[in-house]
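Student: I have just opened this model and would love a close look at one part of it. Could you walk me through it slowly?

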Amino acid sequence: MGILLWIIIGLIAGAVAYRVLDSRGGFFGSLIVGLIGALVGGQLAEMLKLNVSGGFIDQLVLATVGAILLLFVWRKIRS
């Protein structure tokens, strides 16, 4: 169940990040951005010493924040 949950969280986080930053991305783009965003969000929470319980909502918020940050930085690098 773990990998399936990661994929679901990644898809949702990637889709939200694309919507927030008004970008375009397909299924795989959203998945990749969301999964990498989850890693970025997790590292950010660890660096800020945030106490995250590890529930679905917590993971989704972290992944979404990480995905938004990732897309924002990616846009700045490409332009």
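Student: At what angle do the axes of helix 2 and helix 3 cross, and within what distance do they come?

Tutor: Happy to help, and one thing to keep in mind from the start is that this is a predicted model. The axes of helix 2 and helix 3 cross at roughly 105° and come within 6 Å. Because angles from 65 to 115 degrees count as roughly perpendicular, helix 2 is described as roughly perpendicular to helix 3.

Let's see who meets whom at this crossing. Helix 2 brings V33, G34, I36, G37, A38, V40, G41, L44 and A45. On the side of helix 3, their partners are L62, A63, V65, G66, A67, L69, L70 and L71.

Now step back for a moment to place these two helices. The protein has 3 helices and 0 strands, and its elements run α-α-α from the N terminus on. Helix 2 covers residues 27-47, while helix 1 covers 2-20 and helix 3 covers 56-78.

Some residues of the crossing also belong to a bigger story. V33, A67 and L71 join A17, Y18 and L21 in the largest nonpolar core, which has 6 residues in all. Helix 1 and helix 3 each supply at least two residues of this core. In soluble globular proteins, nonpolar side chains tend to be buried together.

Y18 is a good residue to click on next. Leaving aside neighbours within four places in sequence, Y18 is in contact with V33 and L71, and also with S23, R24, G25, G29 and S30. Follow the contact to S30, and you are in helix 2 again. S30 has a relative accessible area of 7%, and it counts as buried because that value is under the 20% cut-off. Besides Y18, the contacts of S30 beyond four places in sequence are G10, L11, G14, A15 and G25.

The loops on either side of helix 2 each hold a residue worth a look. In the loop between helix 1 and helix 2 you will find D22, whose phi is near 50°, a positive value in a residue other than glycine. D22 counts as exposed, at 68% relative accessibility. The loop between helix 2 and helix 3 holds K49. K49 is not a glycine either, yet has a positive phi of about 55°. With a relative accessible area of 72%, K49 is exposed.

Follow helix 3 along to R78, which lies in that helix. R78 is exposed, with a relative accessible area of 64%. From R78 to L5 is 73 residues in sequence and 31 Å in space, C-alpha to C-alpha.

Finally, here is the whole protein around the part you asked about. The C-alpha trace spans about 35 × 30 × 15 Å along its principal axes. The radius of gyration is 12 Å, which agrees with the value near 12 Å for a compact globule of 79 residues. Of those 79 residues, 27% count as buried. The accessible surface comes to about 5,500 Å², and 69% of it belongs to carbon and sulfur atoms. Among contacts with a separation of 6 or more, 67% are between residues 24 or more positions apart.

Notes: Residues numbered from 1 in each chain as written. Predicted model: local features only at pLDDT ≥ 70, side-chain atom pairs only at ≥ 80, totals over all residues. Heavy atoms only, no water. Core = buried A, V, L, I, M, F, W, Y, C linked by side-chain atoms within 4.5 Å. Buried < 20%, exposed > 50% of the residue type's maximum accessible area, 1.4 Å probe, protein only. Helix = DSSP H or I, 4+ residues; strand = E, 2+ residues; numbered from the N terminus. Contact = heavy atoms within 4.5 Å. Rg over C-alpha atoms; globule rule 2.2 N^0.38 Å. Areas by Shrake-Rupley, 256 points an atom, 1.4 Å probe, with all protein chains shown as cover. Axes fitted to C-alpha atoms, helices over the stretch in contact; angles between N-to-C directions. Parallel < 35°, antiparallel > 145°, perpendicular 65-115°, else oblique.
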